[in-house]
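Reader: Before we discuss this model, could you take me through the terms used for it, setting each value against its definition?

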Amino acid sequence: MGPKARPKCRLATVSPHKLRIQNPESRNMWIRRPLLGHEASGTVLEVGKNVKTLKPGDRVAIEPGVGCRTCSFCKKGKYHLCSDMIFCASPPYDGNLCRYYVHDADFCFKLPDNVSLEEGTLIEPLAVGVHACKRAKVRFGDVVLILGAGPIGLVTLLAAKAMGATKTIITDLVGGRLDKAKELGVDYTLKIEKNMTEVETVSKIGELLQEAPDVSLECTGVEQCVRVALEATKTGGVVALVGLGKFELTLPLENAILREVDIRGVFRYNNDYPAAIEMVKTGKVDLKPLITHHFRIQDSGKAFHMAKTGEGNPIKILIHPNPDDYY
Ligand SMILES: NC(=O)c1ccc[n+]([C@@H]2O[C@H](COP(=O)([O-])OP(=O)(O)OC[C@H]3O[C@@H](n4cnc5c(N)ncnc54)[C@H](O)[C@@H]3O)[C@@H](O)[C@H]2O)c1
Ligand SMILES: [Zn+2]
């Protein structure tokens, strides 16, 4: 085990997809006690005697998963693939939506002075976007398609632009989410109508871009979107799968075989926090427009209701476990 810091968990966020894990029928997980929260930042209260990198008062973003440090994946630096990972809110481990929380110091990343604790909570999803773009090898000049303008699609858009994508397009069923993507600087949006066929969607993407995307980042988990990504991507390009949907999908794999469109999975992040924090520090990424609502911890029920129903068009809803610090 690594050295320990004791960051005061001052803020935590909720997002709609985390409700899924509360459903006992989903992925055969049984929840026996509150296990919420994996997107959080905090202020360090106390550090263990071996901690040299942090001190009380430091503000940190918390990377919520710590590998076993001894398996072959951990030793090779692919700790995110460790099967013994302790990950916040992944049963049987508790999450960090709480007032005080203890975490390994080397998974607490100091926030620069110009990055707020609120922005710090969104380093976690931004790291997913950074990892997705690294896996997809997004480069300067790339044309990038993102399917789904939920929080993950939006942070992936921000990461892709910061990493050099010069032409971007994003799809969603919900106009409000596409409006948010426009606010974040996407070049084209495509509103998907329920009755639109895959062929129509692919052709509309091509019409808007005037070319095929080099990279497609799938951020819905919906089978139809994975199919569209495979069909729409340029020959020799990459489809990165971020969205989690059904366990089994029917896909037009001839695109992967005959056109060498590579399919790459994306699982969370791996040494991506430092780059994500630097992007925010240097202004390459602005996370603030993603934070749409705030609740005190005692009003968490209202926050989850909003996340579940989408009433009020939330993107990221922050829950403040230490409301005195906020209000
Ligand atoms: N791979 C990972 O490590 C990782 C990490 C975090 C989240 N995820 C997954 O990423 C996905 C996105 O997360 P999120 O928090 O943004 O979820 P979300 O549900 O808020 O966003 C998904 C978006 O997809 C849109 N959508 C649904 N059907 C569509 C369609 N046919 N065409 C276009 N858009 C469509 C929805 O309107 C919504 O805006 C989820 O499946 C989540 O589980 C994966
Ligand atoms: Zn391990």
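**Around the ligand**

Author: Helix H4 (151–162), S9 and helix H7 (223–232) each contribute at least two residues to the shell around ligand 1, where helices (H or I, at least four residues) and strands (E, at least two) are DSSP runs numbered from the N terminus. This is a predicted model, in which local features need pLDDT of at least 70 and side-chain atom pairs count only at pLDDT 80 or more, while totals for chains, interfaces and linings use all residues. Residues are numbered from 1 along each chain as its sequence is written, and chains are lettered from A and ligands numbered from 1 in the order in which they are written.

Reader: What makes a residue count as near ligand 1, and which come nearest?

Author: A residue is near if its C-beta atom, placed from the backbone, lies within 6 Å of the molecule; of the 29 residues around ligand 1, Gly-148, Gly-150, Ile-152, Thr-220 and Gly-221 come nearest. The largest share of the shell, three residues, is from H4.

Reader: How do you know where ligand 1 lies with respect to the domains?

Author: Domain 1 (4–122 + 287–326) and domain 2 (129–265) both give residues to the shell around ligand 1, so the ligand lies between them; the domain bounds come from an automatic or database domain assignment.

Reader: Why is H3 described by its angle to H9 as it is?

Author: The axes of helix H3 (residues 123–135) and helix H9 (residues 273–281) come within 9 Å and cross at roughly 105°. Angles of 65 to 115 degrees count as roughly perpendicular (under 35 is roughly parallel, over 145 roughly antiparallel, the rest oblique), and therefore H3 is roughly perpendicular to H9. Axes here are lines fitted to C-alpha atoms, for helices over the stretch in contact, with angles from 0 to 180 degrees between N-to-C directions.

Reader: Which residues of H3 and H9 meet, and what makes that a contact?

Author: Ile-123, Leu-126, Ala-127 and Val-130 in H3 meet Tyr-273, Ala-275, Ala-276 and Ile-277 in H9, contact being C-beta atoms, placed from the backbone, within 7 Å.

Reader: What makes S12 and S13 a pair?

Author: Two strands pair if DSSP finds at least two bridges between them, and four bridges join strand S12 (residues 238–241) to S13, the two running parallel. Val-238 stands opposite Asp-262 in S13. The open sheet of six strands has the order S10-S9-S8-S11-S12-S13, with parallel pairing.

Reader: Why are S10 and S13 called edge strands?

Author: Strand S10 (188–191) and strand S13 (262–265) each have a single partner strand, so one side of each is left without a neighbour in the sheet.

How values were computed
Contact = placed C-beta atoms within 7 Å.
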